[in-house]
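Here is a structure to walk through, one piece at a time. Keep the sequence beside you and find each residue as it comes up.

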Amino acid sequence: MNYTQKLQANLLRNNLQRYPKSINKLINLRRQAQSSALAQLNLQQGLKARVDQLELMDQNYLKEVVISKFKHTIKPQKLNLLERKQNQFNQLIAKAKSQTSLATQQIAIKSKYSKLKAIDIEFFSGVLGPENIIQEHDEIKPYNIDFTKKYVGQCSLVLTPQNEKQIQEILKYCNEKKLAVVPQGGNTGLVGGSVPLQDEIVISTKKLNKIIDFDPITGILTCESGCILEVLQNHVKSFGYMMPLDLGAKGSCMIGGNLSTNAGGIKFIKYGSMHGNTVGLNAVLPNGTLLDSTQGLRGSQKGFDLNHMFIGGEGTLGIITKCQILCHPLPTSRQVSLIASDDFEQILACLRHAKRELNDTLSAIEFMDYESVKFSLDYFKIENPIRERNYKYYLLIEASSNSCQDQLNQQFLEMLEMMGEQNMYQDAALCESESQIETVWKIREGISMATANNGFTVKFDVSLQSQDFADIIDKTQDLIGSKAIMIGHGHIGDGNLHLNCTIKGFDNKELLKELQKQLEPFVFDYINDKKGSISAEHGIGLQKVNYLPQSKQKEQIQYMKMIKNAFDPHGIMNPYKVLTDL
Amino acid sequence: MKALVGVKRVLDYAIKVRVNPQKTGVDLQGLKMSMNPFDEIAIEEAIKMREAGVIQQVVALSIGDKNAAETIRQALALGADSGIHVQTDLRIDQDLQPLAVAKVFAKMIKEKQFDLCVLGKQSIDDDFNQTGQILGSILGIPSATFSSKIEIDVANKKATVTREVDFGLQKIEVQLPAVFTCDLRLNTPRFANVQSIIKAKKKPIEVFNLADLGIDFAPRLKVEKVEMPQERQGGVIVGSVDELISKLKNEAKVI
């Protein structure tokens, strides 16, 4: 029992007989309600839990009922003591609130998980070796904070297993002891899915970084799930192949995470999703079972293809440990052009024309508005390739093929000439060297980093028809006025827009919350009206848990929950993410 | 005033360099070629001077086989007024050397009376860093090399140049006509605009044959062998001083 409870109990015991029965009843009922609620909650270090705990106690109860009722019986010193305790409580609540993580949804705190004990740490140490256990606070910090700096966990133990077998052993143990775990790869996720909410154990796959095999005839790459995407890209490049996906985070993200979130990226328009490009994968289930499908050739998956559960499963069904990715021959030449216009209709005309004319040589088509480009240019300190003046909208078009560079350049130039004659753009720059191509891509790929470094960002990753891109950016900017800047950029060829609201600096959490409250319902209503999706490629994670039911059929979610309970009956895999109310 | 700008077609800066199997040179087969990055800076500077009204005409010159015309087209697309293409089938990354190149430029400057010549400080394929200096010497005119800032005084036919040297920045004054060679921080080259690329197709390019210019362009240096540099070995952490000594003695053989 804590101080207040003791105090209450004492006061009530001492003065109970002086009160009319009805008030006693009220006091009793209230006491019962509070203590049962308290009992439900774990007295854990989670600060959110502490806030709820304190709020449940209805601090005003002290003032209104106890003090006012007992005033004539309590000695003045004791009254002061009560008032002081009251103030202390208020301070505690204020402090806890200011330190709480920024998840704005009401998340039901599960008390069904065990606390980490010394005996557990001993076990992990025995299985993994002491060098693969991280407990130091400073070392743990990066595992607890996500890329957007909005989600901060309180895990106190990070495990870095080195192979599949170790993962099997530790997961089996965690499942038996009901210890919640969060699988983590590169921790570049943008929806808070890769960091713990409370003190879940982080299992980092970073040491599973072996490239096992690459077959240059079939193009199938076999590797462990902790391999960094850029490393894999460079590896297959030496064979004249390319990975089927490419994202801005390639220098840090790991293929396991890419699979778990069914990552899209800039190559999506040509090579499709990870569902189509994954030939096989190994996943470890919470009960320690290894599901192995990396032994066969392409097209040998028969029966229910369980792999597709893990692709996009965001670590809630098991940990992916190995995978076989289908790689494609690397085109020998590529050419990039940056098109600019103040009129969004022109951008759409270019999109339609380029898709038709370039056909399968079109390897990427990306949309950026002026504000996104500006952030990127300022952050990297480079000049706008179109320097005469600034335009409202920019379109990056990339074509790649196996014809020689001059031929491709000729084709591309002819297309741009035709588009110019038909008045489809106001200005267009064409790259003349590989370095220029890399510069233009840097501008597009660096937008995420540039805005993340600028300050807090409210991020939306939506599926929307390309016609509505400019409209939603304008409408949301009108909504928030001059409080912040709305920026929009994304894979316009696939109808995937990254809509971000960014404020300067990391101090104004109040403004961030306010903007989130204003924008989320507006954006999600807009998306629902247009029959889009609230998450196109970033996943659900923690951020969109409460919005998933709005955009997915109720029955689908029901069956998803059944599958989750079948794979993970104790619910230890990445709790609170993707599905809620299990 | 007229300016002559030298542009060279080289292996693209971002492409990984490989040696050909005969070890006689770099493998250029089917790889992407573009304008030497320092020449891009030179063109940009000349165009800027014309936009500022300091000079009235910018002519781009390139020496090489028919592909060199591509590089001249690129220079025209960036804003040059006309081009000169000196035809030759020699390997321009090895066999056509700075002395010969400087002689070609000298002949052009004398015959066509250019007031200044802007070159990149070196080309990224041979890295000689000699053409500008030799050119100035042949013509008996000043050469302001490693320029990071050029200010032309038209009235007095002078130029003030800030040069990047080992010990910092040096400011010099040269009389025009002069040769300028450009360093990295002189400016940021622009991207070619689609409209200007289309317009560039109509600009004139004069073609000459290297053999007809009456110049001794034979290479003075013979390339014996071209090799990749030694692969950098990873470092090794040793456990004790004894181990270090034994490694230095037996493996590295330095003591």
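Start in chain A, with a pair of opposite charges. The side chains of Asp199(A) and Lys115(A) form a salt bridge, with 3.3 Å from N to O. This pair ties together distant parts of the chain, 84 residues apart. Asp199(A) sits in the loop between β3 (181-184) and β4 (201-204) of chain A. Lys115(A) sits in the loop between α5 (76-99) and α6 (118-128) of chain A. Counted over all chains, there are 36 salt bridges. Bear in mind that this is a predicted model.

Stay in chain A and look for its open sheet. In what order do the strands run? The five strands follow the order β5-β6-β10-β8-β9 of chain A. Their pairing is antiparallel. In general, strands of a sheet pair through backbone hydrogen bonds, either parallel or antiparallel. The edges are β5 (211-215) and β9 (290-292) of chain A, and each of these pairs on one side only. Ignoring direction, neighbouring strands here are turned by 10° against each other on average.

Now zoom in on one pair of strands. β8 (residues 278-284) and β10 (residues 319-326) of chain A are joined by six bridges and run antiparallel. To see one matching position, find Ala283(A), which stands opposite Ile320(A) in β10(A). A helix also packs on this sheet: α9 (residues 229-237) of chain A. Helix α9 touches β5 and β6 (220-224) of chain A, and its direction makes about 35° with that of β5(A).

Two loops of chain A deserve a stop. Both hold a residue with a positive phi that is not a glycine. One is Asn262(A), with phi near 50°. Asn262(A) lies in the loop between α10 (255-260) and α11 (268-271) of chain A. The other is Lys381(A), with phi of about 55°. Find Lys381(A) in the loop between α15 (370-380) and β14 (393-401) of chain A.

Move to chain B. Here an open sheet of nine strands runs in the order β9-β8-β7-β10-β6-β1-β4-β5-β12 of chain B, and its pairing is mixed. Which strands form the edges? They are β9 (168-175) and β12 (205-209) of chain B, each pairing on one side only. From one strand to the next, the twist averages 30°.

Inside this sheet, β7 (residues 143-153) and β8 (residues 158-165) of chain B run antiparallel and are joined by six bridges. Glu151(B) has Thr160(B) as its bridge partner in β8(B). Helix α3 (residues 98-112) of chain B packs on the sheet. Helix α3 touches β1 (2-6), β4 (57-64), β5 (82-87), β6 (116-120) and β12 of chain B. Its direction makes about 165° with that of β1(B). Helix α4 (residues 131-139) of chain B lies across β6, β7 and β10 (178-182) of chain B, at about 65° to β7(B).

Pause at the loop between β9 and β10 of chain B, where Pro177(B) lies. The peptide bond from Leu176(B) to Pro177(B) is cis, with omega near 0°.

Last, see how the chains meet. Contacts involve 19 residues of chain B and 24 residues of chain A. The size of an interface is often given as the accessible area lost when the parts come together. Between chain B and chain A, about 1900 Å² is buried, and carbon and sulfur atoms give 54% of that area. Of the area that chain B buries against chain A, 36% comes from Lys32(B), Phe191(B) and Val194(B), more than from any other three residues.

Polar links cross this interface too. Nine residue pairs, both at pLDDT 80 or more, are in polar contact. On the side of chain B that touches chain A, the elements giving two or more residues are α1 (37-51), β11 (192-193) and α5 (194-200) of chain B. Helix α5(B) gives the most, with four residues. By type, that side has eight nonpolar, five polar and six charged residues.

How many salt bridges join chain B and chain A? The count is three. In a salt bridge between the chains, the side chains of Lys201(B) and Glu417(A) meet at 3.2 Å, N to O. Strands meet here as well: β15 (residues 427-430) of chain A is joined to β11(B) by two bridges, and the two run antiparallel. Finish at Leu430(A), whose bridge partner in β11(B) is Ala192(B).

Note on methods:
Residues numbered from 1 in each chain as written. Chains lettered and ligands numbered in written order. Predicted model: local features only at pLDDT ≥ 70, side-chain atom pairs only at ≥ 80, totals over all residues. Heavy atoms only, no water. Contact = heavy atoms within 4.5 Å. Buried area = accessible area lost by both parts, 1.4 Å probe. Salt bridge = Lys/Arg side-chain N within 4 Å of Asp/Glu carboxyl O. Polar contact = N/O pair within 3.5 Å; in protein donor to acceptor, adjacent residues only side chain to side chain. Nonpolar A, V, L, I, M, F, W, Y, C, P; charged D, E, K, R; others polar. Pairing = 2+ DSSP bridges. Axes fitted to C-alpha atoms, helices over the stretch in contact; angles between N-to-C directions.
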